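Colleague: Got a minute to go through this model with me? I'd like to start with the core and then wander a bit.

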Amino acid sequence: MSEKWRTSVELLERARRSLAGGVSSPFRAKAPVPLYFRHGCGSHLIDEDGNEYIDYALAWGPAILGHCYPKLVDALAEQARRPVAYGAQHRLEIEVAERFQAAVPCAERLIFTSSGSEAVQCAWRLARAFTGRNRIVKFEGHYHGWFDSVLISYKPPADRVGPLEAPNAVLESRGQVPNSVDNVIVLPWNRSDLLEKTFKQRGEEIAAVIMEPVLCNSGCLMPAPGYLEAARDITRRYGALLIFDEVITGFRIAPGGAQAHFGVTPDLATFGKAAGGGMPLSVIAGRQDILDLLYTGGVAYGGSFNGNPVSLTGAKVALEELTRDGGALLEHANRIGRTLMSGIATAAQEAGIDLAVCGFGAAFAIHFTKKAALVDYRDTLEDDRARLATFIRLALEEGLYLLPDGRFYVSVVHTEQDADDTLQAIRRIFGRMAA
Ligand SMILES: Cc1ncc(COP(=O)(O)O)c(C=O)c1O
């Protein structure tokens with residue numbers, strides 16, 4: 001391993017003697033070197049060896065305001081002089097809920113929880129209780145957290161996916177409750193004909209359809225024109241709920257999430273990551289008649305940290321910043337992201353490298369593939385992952401920190417200069433890869 005990351009390597013060795021695996025999430029162990037960071041500011045991070053990076057990982061999404069955003073720092077410092085938890089009511093809950101409601105179309109009512117996984121768990125429970133049905137339709141390649149009931153067919157290997165028209169429901173973890181798969185129908189995404197057919201055959205069993213409205217967890221694939229509308233129409237006709245998992249798209253593609261951006265309002269939506277401005281926070285938002293079941297319909301949920309003032313301080317600052325001036329800050333992040341997307345595509349073309357760049361600006365991903373169009377998870381199975389690993393490694397050497405799956409997140413504080421520096425670095429990387 002290069003001398004460049006020597007301290008991180010040493011710290012990882014030390015960490016492994018106390019912390020299982022040396023990291024706090026196995027996803028983080030996938031980086032070429034699990035880096036240890038000591039600081040960050042704006043769009044930049046500094047590791048324990050003193051290397052500086054332009055950060056495109058943004059803590060896997062939450063750091064939409066970049067690092068040490070002054071208003072957030074001040075608000076948190078102020079909050080730290082007051083109780084960090086009440087386990088009871090306080091004004092900030094109402095203030096944040098009202099801001100959220102004003103921004104997000106489906107949010108007639110909402111609740112606060114702490115992680116995206118929990119939020120999805122709650123949404124599925126609500127959907128089952130509301131409809132009196134059991135099965136949930138989920139799509140291959142979509143990630144909705146790591147809980148037993150939902151961690152199904154996230155990254156099924158090519159030899160286990162099964163037929164396109166009736167994919168296998170594949171458990172992703174040893175130790176998972178095996179019959180979780182009995183409650184889920186897995187389909188390929190972006191195929192409204194297959195969704196319609198499934199409802200025609202089994203509509204009375206289906207409580208809800210859940211999806212990432214942009215498939216961020218499998219390479220930032222966009223919904224086909226009309227697909228979200230079709231899913232809305234089909235679920236409505238068959239009395240099932242439509243759930244958008246906006247843990248990534250929320251407060252990133254637009255202040256009102258994908259539902260505002262695409263103009264399709266789901267019955268329920270889950271939020272996390274950017275919603276807390278970097279603090280642990282998730283939200284389940286949706287129709288009042290569904291959310292009310294948590295108080296009057298016998299549907300259980302809980303959480304010691306729900307609505308804690310620290311997370312809500314993060315959310316208050318994030319929502320204020322991301323919604324002001326018609327969402328100008330997110331428009332900036334998305335514009336910088338689009339500049340990167342087109343610049344990277346051009347650089348690949350010039351270097352003679354087969355590459356697809358997918359996404360919407362503030363979240364996008366690169367695919368080393370000959371495929372011109374990627375529509376759903378199965379298309380990504382042909383990506384050249386060894387080439388991606390090489391790219392990620394060279395990017396790290398060049399001072400670009402991105403997610404191990406080739407995803408880039410762009411914050412509201414990334415600059416034109418960051419974009420220029422990044423594109424220059426990427427041209428050098430492609431030059432080396434082509435050679
Ligand atoms: C779309 C989506 N849903 C749910 C989750 C789970 O959120 P958390 O990691 O906060 O449990 C994630 C996490 O990456 C996600 O991307």
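Colleague: So how many residues are in the largest nonpolar core, and which have the most contacts inside it?

Modeller: The largest nonpolar core has 106 residues, and F100, L195, M211, F251, F391 and F430 have the most contacts inside it. A core here is a set of buried Ala, Val, Leu, Ile, Met, Phe, Trp, Tyr and Cys residues joined through side-chain atoms within 4.5 Å. Buried means under 20% relative accessible area, exposed means over 50%, and partly exposed is in between, with a 1.4 Å probe and protein chains only.

Colleague: Which helix gives the most to this core?

Modeller: That's α11 (residues 328-351), with nine residues. Helices are DSSP runs of H or I with at least four residues, strands are runs of E with at least two, and both are numbered from the N terminus.

Colleague: And which domains does this core draw on?

Modeller: Domain 1 (3-68 + 327-434) and domain 2 (70-325) each supply at least three residues. Those bounds come from an automatic or database domain assignment.

Colleague: Before I go on, what are the ground rules for the model and the numbering?

Modeller: It's a predicted model, where local features need pLDDT of at least 70, side-chain atom pairs count only at pLDDT 80 or more, and totals for chains, interfaces and linings use all residues. Residues are numbered from 1 along each chain as its sequence is written, and side-chain values use heavy atoms, with hydrogens and water left out.

Colleague: Fine. Now voids: how many cavities of 30 Å³ or more does a search of the whole structure find?

Modeller: One. About 50 Å³ of space lies in the largest cavity. On a 1 Å grid over the protein atoms alone, a cavity is a set of points where a 1.4 Å probe fits but cannot get out, while a pocket is an open set with protein on both sides within 12 Å along at least five of seven lines; lining residues have an atom within 4 Å of a point. Points are joined across faces, edges and corners, and the volume is the space filled by probe spheres set on them.

Colleague: What lines the largest cavity?

Modeller: A31, P32, I392, L396, L400, Y401, L402, L403 and P404. Two or more of the lining residues come from each of α13 (385-397) and β13. By class the lining has nine nonpolar, no polar and no charged residues. For the classes, Ala, Val, Leu, Ile, Met, Phe, Trp, Tyr, Cys and Pro are nonpolar, Asp, Glu, Lys and Arg are charged, and the others, Gly among them, are polar.

Colleague: β13 again, then. What's the order of the open sheet of four strands?

Modeller: β1-β2-β3-β13, with mixed pairing. β1 (37-41) and β13 (400-401) are at the edges with a single partner strand each, so one side of each has no neighbour in the sheet. Strands count as paired if DSSP finds at least two bridges between them.

Colleague: How does β3 pair with β13, parallel or antiparallel?

Modeller: Parallel, with two bridges between β3 (residues 52-55) and β13. I54 is opposite L400, and D55 is opposite Y401.

Colleague: And β2 with β3, parallel or antiparallel?

Modeller: Antiparallel: β2 (residues 44-47) and β3 share three bridges. L45 has Y53 as its bridge partner. Their hairpin has four residues between the strands, and G50 takes a positive phi near 85° there.

Colleague: Which non-glycines have a positive phi?

Modeller: S153 is one of them, at about 50°, and D325 also has a positive phi of about 50°. S153 is in the loop between β5 (135-139) and β6 (184-187), whereas D325 is in the loop between α10 (309-323) and α11.

Colleague: Are they buried or exposed?

Modeller: S153 is buried, with 0% relative accessible area, but D325 is exposed at 59%.

Colleague: Last one, pockets. How much space is in the second largest pocket?

Modeller: About 520 Å³. It has 26 lining residues, and E93, L110, I111, Y295 and Y301 are the closest to its centre. α3 (91-103), β4 (109-113) and α9 (293-296) each give two or more residues to the lining, which divides into 13 nonpolar, nine polar and four charged.

Colleague: How covered is β4?

Modeller: Mostly: four of its five residues are buried. β4 pairs antiparallel with β10 (residues 282-286) over five bridges, and I111 has I284 as its bridge partner.
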